[in-house]
Amino acid sequence: MAAPLSGCVTSLQSSISLLGSSISILDSGVNDFPRLAKVLQTTRHFELLPESHLQAAQASLLASITPELSSLLHRVETHLDKLARREQALIAKYELQEGRLSSNRGSGVEQSKYRSAQSRGQFGKTEGRSGDDEGGEEEDELEQGREQLRLKQMRQKKERLSYAVERLTLQAQQKERQLRMSMAAQ
């Protein structure tokens, strides 16, 4: 009876030795597993978000900033308008005072010429050609002074208008930039 069982015993012994060698191979393979698990573990340095979350955050930020920004822009525009009106008022006041001074100077010159002509007895009398020539020269000088004053006023007006055109051009460019920025934000 030992003979038929001896084949089973040898087969069982070979199976046990095969299992033992398999266990030793697996043990050597799994022995380094905790270190490999730690090495292969991923660390998130940056958190990745879907694009829809980013767009929603941008939209909420834009919605919260836009009213404040528009109110600030409105305040700046009103302040700039006030400054522009004040500047225009100061320019007008300056021109008015300058005109008054020049007219006072002109009337002072006319009055002094009138007084000097009266003191010499030449004003209102026709004493011949020499008096007429002198009166004509004085009138020419007065006319020339008036022309110079008119020319000066025209130059000032030209400068004011060119400044106004330049300012309006800059405002238009600023509005275009704001429009482009608002379109790009959307």
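Start with the whole chain shown as a surface: it exposes about 16,500 Å², and carbon and sulfur atoms supply 60% of that area. Of the 186 residues, 5% count as buried. Keep in mind that you're looking at a predicted model.

**Switch to cartoon**

You'll find 4 helices and 0 strands. Followed along the sequence, the pattern reads α-α-α-α. Three of the helices come up on this tour: H1 covers residues 2-30, H3 runs over residues 51-120, and H4 takes in residues 129-185.

**Colour by pLDDT**

The chain averages a pLDDT of 80, with 83% of the residues scoring at least 70. Which element has the highest mean pLDDT, and which the lowest? Helix H1 comes out on top at 88, while H3 has the lowest mean among the elements, at 80. Now select residues 122-131, where the pLDDT is below 50; beyond near neighbours in sequence, this stretch has 7 contacts in the model. Go easy on those contacts, because predicted coordinates should not be read in detail where pLDDT is low.

**Select Ser 28 and Ile 25**

Ser 28 is part of helix H1. Show sticks and look at where its side chain points: the side chain of Ser 28 reaches the backbone oxygen of Ile 25, at 2.8 Å. Is Ser 28 buried or exposed? With 53% relative accessibility, Ser 28 counts as exposed, since the cut-off for that label is over 50%.

**Select Asp 32 and Arg 35**

Next, move a little further along the chain. Arg 35 and Asp 32 form a salt bridge, with their closest N and O atoms 2.8 Å apart. Asp 32 is partly exposed, at a relative accessible area of 33%. This pair belongs to a set: the structure holds 7 salt bridges.

**Select Gln 58 and Gln 186**

Jump to helix H3, where Gln 58 sits. Gln 58 is exposed, with a relative accessible area of 58%. Add Gln 186 to the selection and draw a distance between the two C-alpha atoms. The two residues are 128 residues apart in sequence, yet 9.9 Å apart in space, C-alpha to C-alpha.

**Select Leu 61, Ile 65, Leu 69 and Leu 73**

Put the surface back on for this stop. These four residues make a nonpolar surface patch of about 340 Å². Click on Leu 69, which is found in helix H3. Leu 69 is partly exposed, with a relative accessible area of 45%; that clears the cut-off of over 30% for patch residues.

**Select Glu 98, Lys 152 and Gln 156**

This is the stop to linger on. Glu 98 lies in helix H3, and Gln 156 is found in helix H4. What does Glu 98 touch, leaving aside its neighbours within four places in sequence? Glu 98 is in contact with Lys 152 and Gln 156.

Take Lys 152 to begin with. Glu 98 forms a salt bridge with Lys 152, and the closest N and O atoms are 2.9 Å apart. The pair links distant parts of the chain, with Glu 98 in helix H3 and Lys 152 in helix H4, 54 residues apart. The two partners carry unlike labels: Glu 98 is buried, with a relative accessible area of 17%, whereas Lys 152 is partly exposed at 42%.

Then turn to Gln 156. The side chain of Gln 156 makes a polar contact with the side chain of Glu 98, at 2.9 Å. Not counting residues up to four places away in sequence, Gln 156 touches Glu 95 as well as Glu 98, so add Glu 95 to your selection. Why does Gln 156 count as buried? Its relative accessibility is 16%, and buried means under 20%.

**Select Glu 143 and Arg 146**

Stay on helix H4 for the last stop. Arg 146 and Glu 143 both lie in this helix, 3 residues apart, about one turn. They form a salt bridge whose closest N and O atoms are 3.8 Å apart; the cut-off for counting one is within 4 Å. Check the accessibility of both ends: Arg 146 counts as partly exposed at 41%, and Glu 143 is partly exposed too, at 36%.

Definitions and conventions: Residues are numbered from 1 along each chain as its sequence is written. Side-chain values use heavy atoms; hydrogens and water are left out. Patches are made of residues with over 30% relative accessible area and no salt bridge: like charges are joined within 9 Å, nonpolar side chains (Val, Leu, Ile, Met, Phe, Trp, Tyr) within 5 Å. Accessible areas come from the Shrake-Rupley method with a 1.4 Å probe; for residues, only the protein chains shown count as cover. A salt bridge is a side-chain nitrogen of Lys or Arg within 4 Å of a carboxyl oxygen of Asp or Glu. Helices (H or I, at least four residues) and strands (E, at least two) are DSSP runs, numbered from the N terminus. Buried means under 20% relative accessible area, exposed over 50%, partly exposed in between (1.4 Å probe, protein chains only). Contact means heavy atoms within 4.5 Å. A polar contact is a pair of N or O atoms within 3.5 Å; within protein, one must be able to donate a hydrogen and the other to accept it, and residues adjacent in sequence count only if both atoms are side-chain atoms. pLDDT is the predictor's confidence in each residue, from 0 to 100.
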